[in-house]
Amino acid sequence: MPELPEVETISRGLHKRVAGDVIESVWLGSKPEPLKSSAAEIAAALQAKTIIGVRRSGKHIVFDLAPARPGPKSNGAQPAQWIVHLGMTGSMQVCSPDSDRDKHTHAVVALASGRELRFVDPRRFGRLSVVENFAPPGTEPLQISSQNFGKIFRARKTPIKSALLNQKLLSGVGNIYADEALFRAKVRPRRRASSLTHAELALLHKGLKRVLQEAIRLGGSSISDYVDADGEEGFFQLKHRVYGREGKPCLVCKTPIKRVVIAGRSSHYCPKCQK
DNA sequence: ACTATTTCCTGGATGC
DNA sequence: TGCATCCAGGAAATAG
(Lines give C-alpha, C1' and ligand atoms only; values in the text may rest on other atoms or scores of the structure.)
Protein backbone atom coordinates (compact mmCIF):
# COMPACT_ATOMS: atom_id res chain seq x y z
CA MET A 1 0.00 0.00 0.00
CA PRO A 2 1.61 3.15 -1.15
CA GLU A 3 2.35 5.61 1.61
CA LEU A 4 4.68 8.57 1.51
CA PRO A 5 7.94 6.68 0.85
CA GLU A 6 6.42 4.49 -1.86
CA VAL A 7 4.79 7.44 -3.59
CA GLU A 8 8.09 9.30 -3.36
CA THR A 9 9.88 6.38 -5.00
CA ILE A 10 7.25 6.01 -7.69
CA SER A 11 7.23 9.74 -8.42
CA ARG A 12 11.00 9.84 -8.78
CA GLY A 13 10.87 6.87 -11.11
CA LEU A 14 8.15 8.46 -13.20
CA HIS A 15 10.00 11.75 -13.33
CA LYS A 16 13.07 10.01 -14.66
CA ARG A 17 11.04 8.34 -17.37
CA VAL A 18 8.46 10.81 -18.59
CA ALA A 19 9.63 14.32 -17.72
CA GLY A 20 9.85 16.26 -20.96
CA ASP A 21 7.57 13.89 -22.82
CA VAL A 22 4.40 15.11 -24.50
CA ILE A 23 0.92 13.67 -24.01
CA GLU A 24 -0.62 12.89 -27.37
CA SER A 25 -3.84 11.21 -26.42
CA VAL A 26 -5.77 10.02 -23.39
CA TRP A 27 -8.02 7.01 -22.93
CA LEU A 28 -10.13 6.63 -19.81
CA GLY A 29 -11.92 3.43 -18.82
CA SER A 30 -15.66 3.05 -19.02
CA LYS A 31 -16.27 3.18 -15.30
CA PRO A 32 -15.69 6.73 -14.16
CA GLU A 33 -15.60 6.05 -10.42
CA PRO A 34 -11.87 6.60 -9.99
CA LEU A 35 -12.20 10.07 -11.41
CA LYS A 36 -12.63 13.09 -9.20
CA SER A 37 -12.74 15.33 -12.21
CA SER A 38 -14.91 14.30 -15.16
CA ALA A 39 -13.36 12.12 -17.85
CA ALA A 40 -13.76 14.88 -20.42
CA GLU A 41 -12.13 17.37 -18.12
CA ILE A 42 -9.15 15.12 -17.52
CA ALA A 43 -8.71 14.26 -21.17
CA ALA A 44 -8.90 17.91 -22.17
CA ALA A 45 -6.45 18.97 -19.49
CA LEU A 46 -3.85 16.33 -20.43
CA GLN A 47 -4.06 16.43 -24.18
CA ALA A 48 -1.17 18.14 -25.96
CA LYS A 49 0.63 18.95 -22.72
CA THR A 50 4.28 18.58 -21.92
CA ILE A 51 5.02 16.82 -18.67
CA ILE A 52 7.31 19.33 -17.01
CA GLY A 53 7.99 17.03 -14.10
CA VAL A 54 6.59 14.47 -11.67
CA ARG A 55 6.73 14.86 -7.92
CA ARG A 56 5.08 13.73 -4.72
CA SER A 57 2.79 15.67 -2.42
CA GLY A 58 1.50 13.69 0.54
CA LYS A 59 0.34 10.42 -0.98
CA HIS A 60 -0.42 12.11 -4.29
CA ILE A 61 1.59 11.96 -7.49
CA VAL A 62 1.67 15.37 -9.13
CA PHE A 63 2.32 15.72 -12.86
CA ASP A 64 3.16 19.33 -13.65
CA LEU A 65 1.96 20.17 -17.13
CA ALA A 66 2.45 22.93 -19.66
CA PRO A 67 1.02 23.44 -23.15
CA ALA A 68 3.13 21.52 -25.65
CA ARG A 69 2.70 24.22 -28.27
CA PRO A 70 2.41 27.56 -26.55
CA GLY A 71 0.27 29.44 -29.02
CA PRO A 72 -1.71 32.65 -29.17
CA LYS A 73 -4.89 30.99 -27.97
CA SER A 74 -3.87 30.21 -24.44
CA ASN A 75 -7.14 29.06 -22.93
CA GLY A 76 -6.95 31.10 -19.78
CA ALA A 77 -7.07 29.22 -16.50
CA GLN A 78 -6.61 25.63 -17.60
CA PRO A 79 -5.83 22.98 -15.01
CA ALA A 80 -2.08 22.58 -15.05
CA GLN A 81 -1.59 19.53 -12.87
CA TRP A 82 -2.62 15.92 -13.14
CA ILE A 83 -3.07 14.38 -9.70
CA VAL A 84 -2.91 10.63 -9.17
CA HIS A 85 -3.73 8.96 -5.89
CA LEU A 86 -2.87 5.27 -5.93
CA GLY A 87 -5.22 4.24 -3.14
CA MET A 88 -4.15 0.82 -1.97
CA THR A 89 -3.48 -1.12 -5.10
CA GLY A 90 -2.97 1.50 -7.76
CA SER A 91 0.10 1.57 -9.94
CA MET A 92 1.51 3.60 -12.80
CA GLN A 93 3.18 1.74 -15.60
CA VAL A 94 5.37 3.07 -18.34
CA CYS A 95 5.30 0.55 -21.11
CA SER A 96 5.09 -0.21 -24.78
CA PRO A 97 1.67 0.11 -26.44
CA ASP A 98 2.15 -3.49 -27.53
CA SER A 99 2.28 -4.94 -24.05
CA ASP A 100 -0.88 -6.57 -22.75
CA ARG A 101 -3.23 -4.28 -20.94
CA ASP A 102 -3.90 -5.31 -17.38
CA LYS A 103 -7.54 -6.16 -16.72
CA HIS A 104 -7.84 -3.26 -14.29
CA THR A 105 -6.40 -0.55 -16.48
CA HIS A 106 -8.45 2.62 -15.99
CA ALA A 107 -6.40 5.17 -17.89
CA VAL A 108 -3.90 5.10 -20.71
CA VAL A 109 -1.89 8.13 -21.76
CA ALA A 110 -0.04 7.90 -25.08
CA LEU A 111 3.27 9.74 -25.13
CA ALA A 112 5.10 11.34 -28.03
CA SER A 113 8.07 9.10 -27.27
CA GLY A 114 5.94 6.16 -28.36
CA ARG A 115 5.40 4.77 -24.91
CA GLU A 116 2.27 4.58 -22.79
CA LEU A 117 1.65 5.65 -19.26
CA ARG A 118 -1.00 3.43 -17.69
CA PHE A 119 -2.96 3.70 -14.48
CA VAL A 120 -3.91 0.28 -13.15
CA ASP A 121 -5.90 -0.26 -9.98
CA PRO A 122 -7.70 -3.54 -9.20
CA ARG A 123 -9.38 -2.34 -6.04
CA ARG A 124 -10.33 1.02 -7.42
CA PHE A 125 -9.47 3.07 -4.37
CA GLY A 126 -7.20 5.23 -6.46
CA ARG A 127 -8.30 8.60 -7.80
CA LEU A 128 -7.43 10.76 -10.77
CA SER A 129 -8.05 14.47 -11.07
CA VAL A 130 -6.81 17.63 -12.71
CA VAL A 131 -6.33 20.87 -10.84
CA GLU A 132 -4.76 24.25 -11.29
CA ASN A 133 -2.73 24.37 -8.17
CA PHE A 134 -2.61 21.31 -5.96
CA ALA A 135 -2.56 21.93 -2.25
CA PRO A 136 -2.20 18.99 0.11
CA PRO A 137 -4.58 19.10 3.07
CA GLY A 138 -1.92 18.67 5.74
CA THR A 139 1.74 19.37 6.38
CA GLU A 140 4.57 17.24 5.03
CA PRO A 141 5.93 15.18 7.94
CA LEU A 142 9.47 15.59 6.65
CA GLN A 143 9.09 19.38 6.58
CA ILE A 144 7.16 20.18 9.73
CA SER A 145 8.97 21.84 12.63
CA SER A 146 8.97 20.04 15.95
CA GLN A 147 7.03 22.94 17.40
CA ASN A 148 4.23 22.61 14.87
CA PHE A 149 4.35 18.84 15.15
CA GLY A 150 3.51 19.15 18.83
CA LYS A 151 0.88 21.76 18.17
CA ILE A 152 -1.24 19.67 15.83
CA PHE A 153 -1.58 16.82 18.31
CA ARG A 154 -1.77 18.62 21.62
CA ALA A 155 -5.47 19.48 21.42
CA ARG A 156 -6.70 16.17 19.97
CA LYS A 157 -8.66 13.68 22.01
CA THR A 158 -8.55 11.05 19.32
CA PRO A 159 -6.07 8.17 19.63
CA ILE A 160 -2.60 9.21 18.48
CA LYS A 161 -2.76 6.45 15.86
CA SER A 162 -5.86 8.01 14.28
CA ALA A 163 -4.35 11.48 14.45
CA LEU A 164 -1.24 10.27 12.61
CA LEU A 165 -3.43 8.85 9.85
CA ASN A 166 -5.45 12.05 9.51
CA GLN A 167 -4.26 13.56 6.23
CA LYS A 168 -5.57 16.98 7.23
CA LEU A 169 -2.93 17.07 9.92
CA LEU A 170 0.02 15.32 8.29
CA SER A 171 0.09 14.40 4.62
CA GLY A 172 1.39 11.03 3.63
CA VAL A 173 1.45 8.92 6.80
CA GLY A 174 -0.36 5.60 6.44
CA ASN A 175 -0.98 2.59 8.61
CA ILE A 176 2.45 1.00 8.38
CA TYR A 177 4.57 4.05 9.15
CA ALA A 178 2.19 5.22 11.88
CA ASP A 179 2.72 1.93 13.74
CA GLU A 180 6.46 2.00 13.13
CA ALA A 181 6.79 5.59 14.33
CA LEU A 182 4.81 4.86 17.50
CA PHE A 183 7.05 1.92 18.27
CA ARG A 184 10.12 4.11 17.93
CA ALA A 185 8.50 6.70 20.20
CA LYS A 186 7.56 4.00 22.75
CA VAL A 187 3.95 5.20 22.69
CA ARG A 188 0.90 2.94 22.46
CA PRO A 189 -1.39 3.61 19.50
CA ARG A 190 -4.51 4.00 21.67
CA ARG A 191 -3.11 6.84 23.74
CA ARG A 192 -5.05 10.04 23.30
CA ALA A 193 -2.99 12.43 21.22
CA SER A 194 -3.41 15.12 23.87
CA SER A 195 -1.91 12.86 26.52
CA LEU A 196 1.54 12.71 24.92
CA THR A 197 4.27 14.55 26.78
CA HIS A 198 6.65 16.95 25.11
CA ALA A 199 9.31 14.30 25.24
CA GLU A 200 7.06 11.72 23.64
CA LEU A 201 6.02 14.11 20.89
CA ALA A 202 9.65 14.86 20.20
CA LEU A 203 10.43 11.15 20.00
CA LEU A 204 7.45 10.56 17.76
CA HIS A 205 8.47 13.35 15.42
CA LYS A 206 12.00 12.05 15.24
CA GLY A 207 10.88 8.44 14.90
CA LEU A 208 8.47 9.28 12.11
CA LYS A 209 11.05 11.24 10.16
CA ARG A 210 13.60 8.51 10.57
CA VAL A 211 11.36 5.68 9.47
CA LEU A 212 10.10 7.63 6.47
CA GLN A 213 13.60 8.58 5.40
CA GLU A 214 14.85 5.05 5.89
CA ALA A 215 12.02 3.69 3.77
CA ILE A 216 12.64 6.24 1.04
CA ARG A 217 16.27 5.26 1.13
CA LEU A 218 15.32 1.64 0.61
CA GLY A 219 13.11 2.56 -2.29
CA GLY A 220 9.88 2.36 -0.38
CA SER A 221 8.50 -0.69 1.31
CA SER A 222 5.47 -2.63 0.33
CA ILE A 223 3.77 -5.71 1.58
CA SER A 224 1.77 -6.64 -1.42
CA ASP A 225 0.73 -6.04 -4.86
CA TYR A 226 1.97 -3.31 -6.96
CA VAL A 227 4.38 -2.51 -9.60
CA ASP A 228 6.67 0.46 -9.30
CA ALA A 229 7.41 3.02 -11.95
CA ASP A 230 10.10 0.74 -13.38
CA GLY A 231 7.60 -2.02 -13.86
CA GLU A 232 9.56 -4.13 -11.44
CA GLU A 233 7.60 -6.15 -8.98
CA GLY A 234 7.29 -4.97 -5.45
CA PHE A 235 9.63 -2.91 -3.37
CA PHE A 236 12.60 -3.45 -1.22
CA GLN A 237 11.10 -4.64 2.02
CA LEU A 238 11.74 -2.40 4.95
CA LYS A 239 12.33 -4.34 8.12
CA HIS A 240 9.11 -3.62 9.95
CA ARG A 241 9.55 -3.76 13.70
CA VAL A 242 5.89 -4.11 14.64
CA TYR A 243 3.69 -3.87 11.55
CA GLY A 244 2.42 -7.29 10.52
CA ARG A 245 4.32 -8.98 13.35
CA GLU A 246 1.43 -9.95 15.63
CA GLY A 247 2.47 -12.67 18.06
CA LYS A 248 6.10 -12.46 17.01
CA PRO A 249 8.71 -11.43 19.57
CA CYS A 250 9.47 -7.75 19.96
CA LEU A 251 12.87 -7.09 18.44
CA VAL A 252 13.88 -5.22 21.59
CA CYS A 253 12.42 -7.22 24.49
CA LYS A 254 11.00 -10.45 22.97
CA THR A 255 7.49 -9.74 24.27
CA PRO A 256 4.90 -10.89 21.70
CA ILE A 257 3.67 -8.03 19.52
CA LYS A 258 -0.01 -7.23 20.00
CA ARG A 259 -2.55 -6.29 17.37
CA VAL A 260 -5.63 -4.20 18.09
CA VAL A 261 -8.10 -2.42 15.84
CA ILE A 262 -8.28 1.35 16.11
CA ALA A 263 -10.71 3.24 13.90
CA GLY A 264 -11.00 0.17 11.74
CA ARG A 265 -7.26 -0.11 11.20
CA SER A 266 -5.10 -2.86 12.56
CA SER A 267 -2.49 -1.46 14.87
CA HIS A 268 0.59 -3.28 16.10
CA TYR A 269 2.60 -2.54 19.20
CA CYS A 270 4.82 -4.00 21.87
CA PRO A 271 2.90 -4.00 25.18
CA LYS A 272 6.15 -3.78 27.13
CA CYS A 273 8.16 -1.23 25.19
CA GLN A 274 5.26 1.08 24.42
CA LYS A 275 3.45 2.94 27.19
C1' DA B 1 -15.59 21.82 15.48
C1' DC B 2 -14.51 17.18 16.39
C1' DT B 3 -14.76 12.41 16.51
C1' DA B 4 -16.38 7.78 15.33
C1' DT B 5 -18.36 4.73 12.04
C1' DT B 6 -19.62 3.16 7.53
C1' DT B 7 -18.76 2.61 2.72
C1' DC B 8 -16.38 1.70 -1.46
C1' DC B 9 -13.68 -2.54 -4.07
C1' DT B 10 -11.39 -6.98 -5.38
C1' DG B 11 -8.05 -10.60 -4.73
C1' DG B 12 -5.96 -13.55 -1.68
C1' DA B 13 -6.34 -16.35 2.40
C1' DT B 14 -9.01 -19.23 5.24
C1' DG B 15 -12.46 -22.69 6.57
C1' DC B 16 -15.69 -26.34 6.01
C1' DT C 1 -11.96 -29.15 -5.22
C1' DG C 2 -15.13 -25.68 -4.62
C1' DC C 3 -17.71 -22.44 -2.56
C1' DA C 4 -18.63 -18.95 0.99
C1' DT C 5 -16.76 -15.77 4.12
C1' DC C 6 -13.49 -12.69 5.89
C1' DC C 7 -10.00 -9.33 5.60
C1' DA C 8 -6.88 -5.59 3.97
C1' DG C 9 -6.86 -0.34 3.82
C1' DG C 10 -7.27 5.51 2.19
C1' DA C 11 -10.36 8.75 2.40
C1' DA C 12 -14.96 10.47 1.51
C1' DA C 13 -19.48 10.37 3.36
C1' DT C 14 -22.43 9.93 7.10
C1' DA C 15 -23.84 10.02 11.85
C1' DG C 16 -23.43 11.42 16.41
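What share of the atoms of DNA strand C within 4 Å of the protein belong to sugar or phosphate? Keep that in mind while you go through these points.

1. Before anything else, remember that you're looking at a predicted model. To settle the opening question: sugar or phosphate makes up 46% of those strand C atoms, and the rest belong to bases.

2. Now for who sits around strand C. There are 13 residues surrounding this strand, and the closest are His 85, Met 88, Arg 123, Tyr 243 and Arg 265. Sorted by class, the surface near DNA strand C has four nonpolar, five polar and four charged residues.

3. Zoom in on a few atom pairs at strand C. Arg 123 has an N or O atom in its side chain 2.7 Å from a base nitrogen of the strand. The phosphates get some attention too: a polar side-chain atom of Ser 266 is 2.8 Å from a phosphate oxygen of strand C, and one of Arg 259 is 3.0 Å from a phosphate oxygen of strand C.

4. Over to DNA strand B. Its surroundings include Lys 103, His 104, Pro 122 and Phe 125, along with Arg 123, Arg 124, Arg 156, Lys 157, Thr 158 and Pro 159. Of the strand B atoms that come within 4 Å of the protein, sugar and phosphate account for 61%. By class, you'll find three nonpolar, two polar and five charged residues on the surface near this strand.

5. Here are some atom pairs at strand B. Lys 157 uses its backbone: a polar atom there is 2.8 Å from a phosphate oxygen of strand B. Lys 103 uses its side chain, with an N or O atom 3.3 Å from a phosphate oxygen of strand B. And look at Arg 123 again: a polar atom of its side chain lies 3.1 Å from a base oxygen of strand B, while a base nitrogen of strand C is 2.7 Å from an N or O atom of that side chain.

6. Finally, leave the DNA and find two helices, H3 (residues 146-154) and H6 (residues 198-217). Their axes come within 10 Å and cross at roughly 115°, so the two helices count as roughly perpendicular to each other. The crossing of H3 past H6 is right-handed.

7. Which residues of H3 and H6 meet? From H3 you have Ser 146, Phe 149, Gly 150, Phe 153 and Arg 154, and from H6 come His 198, Leu 201, Leu 204, His 205 and Leu 208. By class, this contact has five nonpolar, four polar and one charged residues.

Note on methods:
Residues are numbered from 1 along each chain as its sequence is written. Chains are lettered from A and ligands numbered from 1 in the order in which they are written. This is a predicted model: local features need pLDDT of at least 70, side-chain atom pairs count only at pLDDT 80 or more; totals for chains, interfaces and linings use all residues. Side-chain values use heavy atoms; hydrogens and water are left out. A residue is near a molecule or strand if one of its heavy atoms lies within 4 Å of it. A polar contact is a pair of N or O atoms within 3.5 Å; within protein, one must be able to donate a hydrogen and the other to accept it, and residues adjacent in sequence count only if both atoms are side-chain atoms. Ala, Val, Leu, Ile, Met, Phe, Trp, Tyr, Cys and Pro count as nonpolar, Asp, Glu, Lys and Arg as charged, and the others, Gly among them, as polar. Axes are lines fitted to C-alpha atoms, for helices over the stretch in contact, and angles run from 0 to 180 degrees between N-to-C directions. Helices (H or I, at least four residues) and strands (E, at least two) are DSSP runs, numbered from the N terminus. Angles under 35 degrees count as roughly parallel, over 145 as roughly antiparallel, 65 to 115 as roughly perpendicular and the rest as oblique. A crossing is left-handed if the near helix is turned anticlockwise from the far one by less than a right angle, and right-handed if clockwise. Contact means heavy atoms within 4.5 Å.
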